[in-house]
Amino acid sequence: MVKLIGEATDEAKLRNLAYVAVGKIVRRAPQLVKKDVALVQKFFDAMSKEDPETRLGVQESLSLMADAFKDIDPSCQSLMEALIMQNIEQDQPQSRLMSVQYARTVFPSDHIPSRYILLLACGDTKEDVRVEAMKALHIAQTKEKEIEKNSTKLPPPKLPKFTDMMKYISEKGSLRVKTQNKYVIGNNTLPFIPQATYEQVNDIVPSHMSLLVDNIIPTHVSLFVIDIIPTHVSLFVDDIIPTYVPLLVDDIIPIHRSLFLDDIIPTHVPLLVDDIIPTHMSLLVDDIIPTHVSLFVFDIIPTHVSLLVDDIIPTHVSLLVDDIIPTHVSLLVDDIILTHVSLLVDDIIPTHVPITGLGPDS
């Protein structure tokens, strides 16, 4: 069929039927193309080359083949990402619509590059492209509502990690503002069309936060409380303590005690007794004490004794002998004694002693 498509260049209707036939064959036998994206790439390229009538057959064929790549080989995954990333920016709306379908069908809902492609498609100029992209992005919310409605205990839908998704969008946005795909509004340059793409970001962020608060945090907290803490406490109580306490008591403490008693004390005590103490005692007895005693005996005592004998004692003795004693002796002899003797002889004795036994001739 592929060969027929290449040979029937002048028969548009035949090529149209051949394109659709290839899609139906791949849908029934997906193993034929699962490890090779060359056929899909060829059909995406044909989308921009074929006439409008044949282009509808190419679009139908690509749509039929999408499910064949759900379990795409990991070696082909990056090629498929690059292919739909390239076609989401094509001028042909059918190419952009098929990029949205492949981003939604081939990759899981937590695949970051495909979610980014869907965000870009939310700002598409064609309504059918925008609608399909929005449906794909809001599939998580739809599943949540179905779960609540049916009251079934199904696992929550998978979503990309919020921080990883924001980092990827930021990196891609930094690259887009340097290309012709940027949007200039006044003095501001934006990487994405603001009316649609940013609106979807505002919708996705609450969805992720709700999922985080309602499902992820309770699940992990419960896992931590019910499983992790009891497991580790049990491990600590049942295994680590019984294992390491006997090891500590039986091996480590005896080994270090033996090392301390048999090696460290015997080695350092003789060193202390035989070398360090004698050396310092010898230094004290032979050098420090003799030096300071000699200084005291030969310098300090003679100096102070000489000062006492030569200066202080003679000065004070001379002052005592020459000044103080003569002055006070003279004061005693000349003033005090004479004054009191005169007072005694002249006043006190004549007054108090009576004169008796004396005649006229006496």
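In what order do the elements of the protein run from the N terminus on? With the whole chain of this predicted model in view, follow the elements from the N terminus and you will read α-α-α-α-α-α-α-α-α-α-β-β-α, a run made up of eleven helices and two strands. Colouring by relative accessible area at this stage is useful, since buried residues make up 24% of the 362 residues in the protein. If you also display contacts, keep in mind that, among those with a separation of 6 or more, 60% are between residues 24 or more positions apart.

**First stop: the loop before α2**

Select Thr9, which sits in the loop between α1 (2–7) and α2. Is Thr9 buried or exposed? Its relative accessibility is 51%, and Thr9 therefore counts as exposed, the cut-off being over 50%. From Thr9, draw a distance to Glu50, a residue 41 positions away along the chain, and the viewer should report 10.0 Å between the two C-alpha atoms.

**Second stop: Glu50 and Arg15**

Stay with Glu50 and add the side chain of Arg15, with which Glu50 forms a salt bridge whose closest N and O atoms are 2.9 Å apart. Which parts of the chain does this pair tie together? Glu50 belongs to the loop between α3 (38–47) and α4 (52–65), whereas Arg15 belongs to helix α2 (residues 12–28), so the salt bridge joins parts that are 35 residues apart in sequence. Both partners are buried: Glu50 has a relative accessibility of 11%, and Arg15 has a relative accessible area of 8%. Now add Asp51 to the selection, because Arg15, Glu50 and Asp51 are linked in a network of salt bridges.

**Third stop: Ser61 in α4**

Move along to helix α4 and select Ser61. With a relative accessibility of 0%, Ser61 counts as buried. To see what surrounds Ser61, show the residues that touch it, leaving aside those up to four places away in sequence: they are Tyr19, Val20, Val22, Gly23 and Phe43.

**Fourth stop: two further salt bridges**

How many salt bridges does the structure hold? There are six, and two more of them deserve a look here. Select Lys70 and Asp67, whose salt bridge has its closest N and O atoms 3.9 Å apart. Here the two partners are partly exposed, Lys70 with a relative accessible area of 47% and Asp67 with a relative accessibility of 41%.

Next, select Arg176 and Glu89, where the side chains meet in a salt bridge with an N to O distance of 2.6 Å. This pair links distant parts of the chain, 87 residues apart, with Arg176 in helix α10 (residues 162–176) and Glu89 in the loop between α5 (74–87) and α6. Arg176 is buried, having a relative accessible area of 9%, whereas Glu89, with a relative accessible area of 36%, is partly exposed.

**Fifth stop: α6 against α8**

Two packed helices are described by the angle between their axes and the distance between the axes. Display helix α6 (residues 93–105) together with α8, and fit an axis to each; the two pack at an angle of about 10°, and their axes are 9 Å apart. That angle makes α6 roughly parallel to α8. Which residues of α6 meet α8? On the α6 side, select Pro93, Arg96, Leu97, Val100 and Arg104, and on the α8 side, select Asp128, Val129, Glu132, Ala133, Lys135 and Ala136. Coloured by class, the contact of α6 with α8 shows six nonpolar, no polar and five charged residues.

**Last stop: around α8**

Keep helix α8 (residues 127–137) on screen and highlight its buried residues Val129, Ala133, Ala136 and Leu137. Looking down the helix axis, you will find that they cover an arc of only 95°, which puts them on the same side of α8.

To finish, select Lys135, whose place is also in helix α8. Lys135 has a relative accessibility of 47% and counts as partly exposed. Draw one last distance from Lys135 to Cys122, 13 residues apart from it along the chain, and the C-alpha atoms will be found 9.7 Å from one another.

Key: Residues are numbered from 1 along each chain as its sequence is written. This is a predicted model: local features need pLDDT of at least 70, side-chain atom pairs count only at pLDDT 80 or more; totals for chains, interfaces and linings use all residues. Side-chain values use heavy atoms; hydrogens and water are left out. Buried means under 20% relative accessible area, exposed over 50%, partly exposed in between (1.4 Å probe, protein chains only). Helices (H or I, at least four residues) and strands (E, at least two) are DSSP runs, numbered from the N terminus. The arc is that of the directions from the helix axis to the C-beta atoms. Axes are lines fitted to C-alpha atoms, for helices over the stretch in contact, and angles run from 0 to 180 degrees between N-to-C directions. Angles under 35 degrees count as roughly parallel, over 145 as roughly antiparallel, 65 to 115 as roughly perpendicular and the rest as oblique. Contact means heavy atoms within 4.5 Å. Ala, Val, Leu, Ile, Met, Phe, Trp, Tyr, Cys and Pro count as nonpolar, Asp, Glu, Lys and Arg as charged, and the others, Gly among them, as polar. A salt bridge is a side-chain nitrogen of Lys or Arg within 4 Å of a carboxyl oxygen of Asp or Glu.
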